[in-house]
Amino acid sequence: YLPLNGELVLASGAGFAAFDGSWDPGCDSGATVRFADAEHHAWFDPMLWQAVLPSGELEPGRRIFSVDEENVPCRYDDVIFQPETSFRVNVDSSRRVIHLRSISLMGQELSSPEAWAGYLRGPSAPLQFHGNGTLQVTGTGCPDKSGCACGNALDGHRICMALLGASGRQCPTPACRSPLQPLGHCCKVCGAMINLDFTPDFDLQKYRDRLVQTLLSQYAGVRMAISKVHKEQTFLGVIPRSSTPLIQIVLIDDEVGAQTGTTAEQMAADVMEDIAQHGEALGISSGKMEVATGSTFSRPAGSHALSRITAGTVLGLLFGLLLLGGILFLYRKGKLRSLPRLPALRLPRPWDRAEDPVSLGPASDKGFDNPMFAV
């Protein structure tokens with residue numbers, strides 16, 4: 001029996017009829033129809049989502065991929081439920097509010113907080129979305145040209161549980177030693193990973209297009225993920241202190257055996273070389289690469305500091321230390337004794353012996369001979 005709050009979806013051109021209970025000999029007894037469980041669909045299941053182009057078409061090619069947390073709608077994404085479909089999604093979340101740019105459903109696009117609030121007051125929303133989380137449409141995109149973090153980190157455990165549930169809740173064994181663990185990804189991978197520090201001039205979309213056109217197209221079988229992430233900083237490796245934004249590039253390939261990750265390693269080396277030559281113009285201040293292949297251990301393979309400010313600061317500190325060391329050297333050699341206004345400076349030495357102070361009589365003027373001058 002159809003429940004009072006049920007929904008019957010018919011294909012285009014289909015008919016529907018009802019009868020009063022009398023039996024028509026021309027009809028057979030029919031068959032029992034069983035509906036699938038509508039409660040098992042979860043918002044944070046990356047298997048339920050697929051990336052589409054702005055035109056609404058499925059994204060072609062598999063050269064660009066996303067880490068697992070970004071396979072679920074991020075806070076600046078547009079979410080599309082195909083027209084003429086029925087769905088019910090559990091939005092349980094570790095956050096009270098799940099922010100989105102827009103939602104398209106039931107043949108209409110809701111891209112403002114007011115339009116979404118009106119839809120939530122209707123009869124369909126409670127049937128389609130249930131759970132302790134609340135969806136909130138903002139209507140605004142990412143305001144930073146250097147990109148925005150996805151924002152699904154707090155629900156990363158839900159994403160991984162849903163993803164690994166289909167494979168027996170266990171990550172596949174990587175074919176390399178010391179595999180890499182990208183931020184936002186459930187399982188470790190073989191290949192290469194690059195973390196970039198950037199300046200306000202960095203443009204994520206332009207840099208992604210540059211890598212795709214100039215490097216990724218030259219390496220068949222390599223897949224790339226690039227996005228802004230927040231890396232947590234800790235005190236003494238235990239106490240969380242703050243988070244630092246950086247650009248994460250993950251490169252994996254389809255090589256097998258001892259060659260696993262080697263093609264990705266070659267492309268990563270080219271990326272680092274390009275950063276060394278053009279990083280300052282691209283708004284990249286430094287880059288660090290890690291590699292894990294089937295024949296080598298994961299290792300840091302390079303770090304290029306490109307900031308002139310940083311270099312100037314280091315050189316200034318070195319010059320200051322050399323100057324101070326020169327002054328101390330000249331003083332110890334007695335070359336500065338002719339400077340009458342230089343204050344007396346005495347460095348304690350471990351081999352100096354403590355001497356008893358000379359008792360001063362009551363008539364003493366508490367003066368002393370200055371050993372710095374021949375008086």
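This tour proceeds through a predicted model, from its confidence values to its disulfides and one helix.

**Confidence**

Begin by colouring the chain by pLDDT: the mean is 81, and 73% of the residues reach 70 or more. Then select residues 297-301, where the pLDDT is below 50; the model nevertheless gives this stretch 17 contacts beyond near neighbours in sequence. Residues 303-309 also stay under 50, and for them the model has 17 contacts beyond four places in sequence.

**Disulfides**

Display the cysteine side chains next. The model holds five disulfides. With the bonded cysteines numbered in sequence order, the pairing reads 1-4, 2-3, 5-8, 6-9, 7-10. Three of the links are visited below, one at a time.

Select Cys142 and Cys148, which are joined by a disulfide with an S to S distance of 2.0 Å. The torsion about this S-S bond is about 85°, so the link is right-handed. Cys142 counts as partly exposed, at 32% relative accessibility, and Cys148 is likewise partly exposed, at 25%.

Move to Cys160 and Cys186, whose sulfur atoms lie 2.1 Å apart in a disulfide. Here the torsion about the S-S bond is about -100°, so the disulfide is left-handed. Cys160 belongs to helix H3 (residues 156-164), while Cys186 sits in the loop between H3 and strand S8 (191-198); the pair therefore ties together parts 26 residues apart in sequence. Cys160 is partly exposed, with a relative accessible area of 21%, whereas Cys186 is buried, at 14%.

Now select Cys171 and Cys187, linked by a disulfide with an S to S distance of 2.1 Å. The value of -80° about the S-S bond makes this link left-handed. Both cysteines lie in the loop between H3 and S8, so the disulfide ties together parts 16 residues apart in sequence. Cys171 is partly exposed, with a relative accessible area of 30%; Cys187 is buried, at 12%.

**Helix H4**

Finally, select residues 204-214, which form helix H4. At its start, a side-chain oxygen of Asp203 comes to within 3.2 Å of the backbone nitrogen of Gln205.

Which residues of H4 are buried? They are Leu204, Tyr207 and Leu211. These residues lie on the same side of H4, because they cover an arc of only 70° around the axis. An α-helix has 3.6 residues a turn, so residues three or four places apart point the same way. Rotate the view to the face turned away from the buried side of H4: there the exposed residues Lys206 and Gln213 are found.

Key: Residues numbered from 1 in each chain as written. Predicted model: local features only at pLDDT ≥ 70, side-chain atom pairs only at ≥ 80, totals over all residues. Heavy atoms only, no water. Buried < 20%, exposed > 50% of the residue type's maximum accessible area, 1.4 Å probe, protein only. Helix = DSSP H or I, 4+ residues; strand = E, 2+ residues; numbered from the N terminus. Arc of directions from axis to C-beta. Polar contact = N/O pair within 3.5 Å; in protein donor to acceptor, adjacent residues only side chain to side chain. pLDDT = per-residue confidence, 0-100. Contact = heavy atoms within 4.5 Å. Disulfide = S-S within 2.5 Å.
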